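Got your viewer open and a selection box ready? Let's take a short walk through the model, one selection at a time.

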Amino acid sequence: MEGAGSFGAGRAGGALDPVAFVKQPQTILRILSWIFSIVVFGSIVNEGYINSGSERLHCIFNKNNDACNYGITIGVIAFLASIFFFALDIYFPQISSVKDRKKAVLLEMGFSGFWAFLWFVGFCFLANQWQRTSPRELPLNQGADAARAAIAFSFFSIITWAGLTVRAVQKYLLGTDMTLFTTDHVDGNPTIQPYPTGTTMETTETYQSPPFTENLQTSPKGYQVPTY
């Protein structure tokens, strides 16, 4: 079947083994990325804003609302993306087309690499703004634990999304070195070889006379078959 055994997955249509699927490094990284994203945007949403003597809420990261907005945005998108790619991991072995599998792997590789970079930017941004935050601006040290959690799990998210990028690259490299299929089969245009011209076929010139013919022709002419 086209697409079977390519890009790190088995033959299309095979049964899914839940235990083996959960134990895969890619699945573990996916779940961790999902949990880390919840911690980041959840911490900022719940305790990331303070009211310092005015009706307007200020971000605990140096009163820079852009820092809070950035953390929430990349956290929520990472949360949704983790769910999407988790479902894609389950459905991926059922994809029978080599081209569709390649598109899915390229999408995962590009998004994971880009989001690892955004998490790196987010970690640097939040850490820098938190370093500039004066303790006097946080009444009763309000939101300090949430800020530290957001920074820490932003750093952890860099590792998990970078790991997912590496896994996607490995799957892509496996897909480019398939041994089960030829290039013509992958392109969908199999080449039909012509019937070999027979250089070893026998011609009429090699016809031999049936056996015993010579014996019949060389018998004595005057011999007669006796009658009984």
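Which residues does the UniProt annotation "transmembrane region" cover? According to that unreviewed entry, they are 31-50, 70-92, 104-130 and 150-169. Keep in mind as you click around that this is a predicted model.

**Stop one: two of the annotated stretches.** Select residues 70-92. The chain here is 96% helix and 0% strand, and 32 Å separates the end C-alpha atoms. Now jump to residues 150-169, where you get 100% helix, 0% strand and end C-alpha atoms 28 Å apart.

**Stop two: H2 against H3.** Colour helix H2, residues 25-47, and put H3 beside it: the two pack at an angle of about 155°, and their axes are 8 Å apart. Angles over 145 degrees count as roughly antiparallel, so that is the label H2 and H3 get. The crossing of H2 past H3 is left-handed. To see the contact, show side chains on the H2 side, including Arg-30, Trp-34, Ile-38, Phe-41 and Val-45, and on the H3 side, including Cys-68, Ile-72, Val-76, Phe-79, Ile-83 and Asp-89. Colour this contact by class and you'll find 15 nonpolar, seven polar and two charged residues.

**Stop three: the disulfide.** Cys-68 was among the H3 residues meeting H2, so stay with that residue and bring up Cys-59 as well: a disulfide joins the pair, with an S to S distance of 1.8 Å. How many disulfides does the structure hold? Just one. Check the torsion about the S-S bond of Cys-59 and Cys-68: at about 80°, it makes the disulfide right-handed.

**Stop four: H3 against H4.** Keep H3 (residues 65-91) on screen and add H4 (residues 98-131). These helices pack at an angle of about 155°, with 10 Å between their axes, which makes H3 roughly antiparallel to H4. Handedness here is left: H3 passes H4 in a left-handed crossing. For the contact itself, pick out H3 residues such as Asp-66, Tyr-70, Ile-77, Ala-81, Phe-84 and Leu-88, then H4 residues including Leu-107, Glu-108, Phe-111, Trp-115, Trp-119 and Phe-125. By class, this contact has 18 nonpolar, three polar and three charged residues.

**Last stop: H3 from both sides.** Which H3 residues should you leave highlighted? Try Gly-75, Ala-78, Phe-85 and Asp-89, which are among those meeting H2 and also among those in the contact with H4.

Methods: Residues are numbered from 1 along each chain as its sequence is written. This is a predicted model: local features need pLDDT of at least 70, side-chain atom pairs count only at pLDDT 80 or more; totals for chains, interfaces and linings use all residues. Side-chain values use heavy atoms; hydrogens and water are left out. UniProt positions are given in the numbering used here, feature names are shortened, and annotations may be inferred rather than shown by experiment. Helices (H or I, at least four residues) and strands (E, at least two) are DSSP runs, numbered from the N terminus. Axes are lines fitted to C-alpha atoms, for helices over the stretch in contact, and angles run from 0 to 180 degrees between N-to-C directions. Angles under 35 degrees count as roughly parallel, over 145 as roughly antiparallel, 65 to 115 as roughly perpendicular and the rest as oblique. A crossing is left-handed if the near helix is turned anticlockwise from the far one by less than a right angle, and right-handed if clockwise. Contact means heavy atoms within 4.5 Å. Ala, Val, Leu, Ile, Met, Phe, Trp, Tyr, Cys and Pro count as nonpolar, Asp, Glu, Lys and Arg as charged, and the others, Gly among them, as polar. A disulfide is a pair of cysteine sulfur atoms within 2.5 Å.
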